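Colleague: I'm new to this one. Could you walk me through it and tell me how each label was earned?

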Amino acid sequence: MYTLPKKLGAEFLGTLLLLAIVIGSGVMAENLSEGNNGVALIANTLATVFGLYILIEVFAPISGAHFNPVVTLSMVLLKRQPSSELLPYILVQLAGAFCGAILVHQMFDMELLQFSEKARTGWGIWTGEIVATAGLLLVILMAKQERVSGMVACYIGAAYWFTSSTSFANPAAAFGRLFSNSFAGIAPADVPAYMVFEVIGGLLALVIYKYFSNTATTAQPVPGIQQ
């Protein structure tokens with residue numbers, strides 16, 4: 001059983017590395033793709049899929065590998081995690097996301113503190129974030145435990161392409177990306193809406209999960225639903 005400081009350390013480092021992967025691969029892809037955004041997005045997607053899988057495998061035994069305030073909130077609401085850990089988890093996730101952006105800028109000899117000018121707004125994009133976040137939570141809650149890391153990574157990789165928002169699905173990621181005026185950035189003015197609709201997506205996932213869980217207790221077992 002890990003102590004809270006060790007859990008928080010894992011969440012901080014994991015979120016830092018996740019944002020470093022997302023933003024750093026975006027910077028590298030933008031530098032090498034010669035203006036081809038499709039090629040840049042493919043590179044960004046692949047790096048995120050591989051990196052996310054590794055981070056979950058490494059840190060899940062310590063902190064649960066949330067790296068995401070919506071995931072932590074969901075675990076608290078489901079009583080799988082003490083409510084006293086909610087705020088500390090969220091704070092270190094946000095801090096880790098910020099530091100991940102700064103680390104990328106240091107590695108690529110960019111201005112360390114910057115703000116994105118990339119506007120991402122509109123009902124289509126916000127709907128994309130609801131879908132992306134709800135799907136992510138459903139995978140986490142309904143997949144078999146031993147397959148969660150791979151399935152989460154695969155889902156996020158797919159959601160990069162089928163959602164209009166390119167699947168942030170994570171308020172900490174939205175927060176961290178506002179500090180990078182790069183391929184993966186998001187304008188600060190657009191971040192609050194992202195966070196709101198990500199939370200809505202998470203709550204929607206909980207409703208769907210509860211519906212199927214309640215059904216599983218009164219009906220015949222359904223493969224893939226009953227844990």
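Modeller: Sure, and keep in mind that this is a predicted model. Let's begin with what a helix is here: a DSSP run of H or I with at least four residues, numbered from the N terminus. With that settled, α2 supplies the largest share of the lining of the largest pocket, 8 residues.

Colleague: What makes a residue part of the lining of a pocket?

Modeller: A lining residue has an atom within 4 Å of a pocket point. The largest pocket holds about 900 Å³ of space. It is lined by 44 residues, and G64, A65, H66, V71 and I140 are the closest to its centre. Besides α2, the helices α1 (4–32), α3 (69–77), α5 (123–142), α6 (148–162) and α7 (171–177) each give at least two residues to that lining.

Colleague: Why is L46 called partly exposed?

Modeller: The relative accessible area of L46 is 44%. Partly exposed is the range between buried, under 20%, and exposed, over 50%, so L46 gets the middle label. L46 sits in helix α2. As for where that is relative to V148, the two are 102 residues apart in sequence and 18 Å apart in space, C-alpha to C-alpha.

Colleague: What makes the nonpolar patch, and which helix gives the most to it?

Modeller: I42, L46, F50 and W161 make it, and it covers about 440 Å². Helix α2 (residues 37–63) contributes the most, with 3 residues. A patch residue needs over 30% relative accessible area. L46 has 44%, so it clears that cut-off.

Colleague: How many disulfides are there, and how would you know one?

Modeller: There are 0 disulfides in the structure. To count, a pair of cysteine sulfur atoms has to be within 2.5 Å.

Colleague: How do you know which label C99 and C154 get, buried, partly exposed or exposed?

Modeller: Their values settle it. C154 has 54% relative accessibility, and the cut-off for exposed is over 50%, so C154 is exposed. C99 has 29%, between the two cut-offs, so C99 is partly exposed.

Colleague: What makes K7 and E85 a salt bridge?

Modeller: The closest N and O atoms of K7 and E85 are 3.3 Å apart. The limit is 4 Å between a side-chain nitrogen of Lys or Arg and a carboxyl oxygen of Asp or Glu, so the pair qualifies. K7 is in helix α1 and E85 is in the loop between α3 and α4 (86–107), so the bridge links distant parts of the chain, 78 residues apart. Both K7 and E85 are buried. A search of the whole structure finds 1 salt bridge.

Colleague: Where are T166 and S167, and what are their phi values near?

Modeller: T166 is in the loop between α6 and α7, and S167 is found in that loop too. Phi of T166 is near 60 degrees, which is positive in a residue other than glycine. For S167, phi is near 55 degrees, again a positive value in a residue other than glycine.

Colleague: Why is T166 called buried, and what about S167?

Modeller: Buried means under 20% relative accessible area. T166 has 18%, so T166 is buried. S167 has 3%, so S167 is buried as well.

Key
Residues are numbered from 1 along each chain as its sequence is written. This is a predicted model: local features need pLDDT of at least 70, side-chain atom pairs count only at pLDDT 80 or more; totals for chains, interfaces and linings use all residues. Side-chain values use heavy atoms; hydrogens and water are left out. Buried means under 20% relative accessible area, exposed over 50%, partly exposed in between (1.4 Å probe, protein chains only). Patches are made of residues with over 30% relative accessible area and no salt bridge: like charges are joined within 9 Å, nonpolar side chains (Val, Leu, Ile, Met, Phe, Trp, Tyr) within 5 Å. Accessible areas come from the Shrake-Rupley method with a 1.4 Å probe; for residues, only the protein chains shown count as cover. On a 1 Å grid over the protein atoms alone, a cavity is a set of points where a 1.4 Å probe fits but cannot get out, and a pocket is an open set with protein on both sides within 12 Å along at least five of seven lines; lining residues have an atom within 4 Å of a point. Grid points are joined across faces, edges and corners, and a volume is the space filled by probe spheres set on the points.
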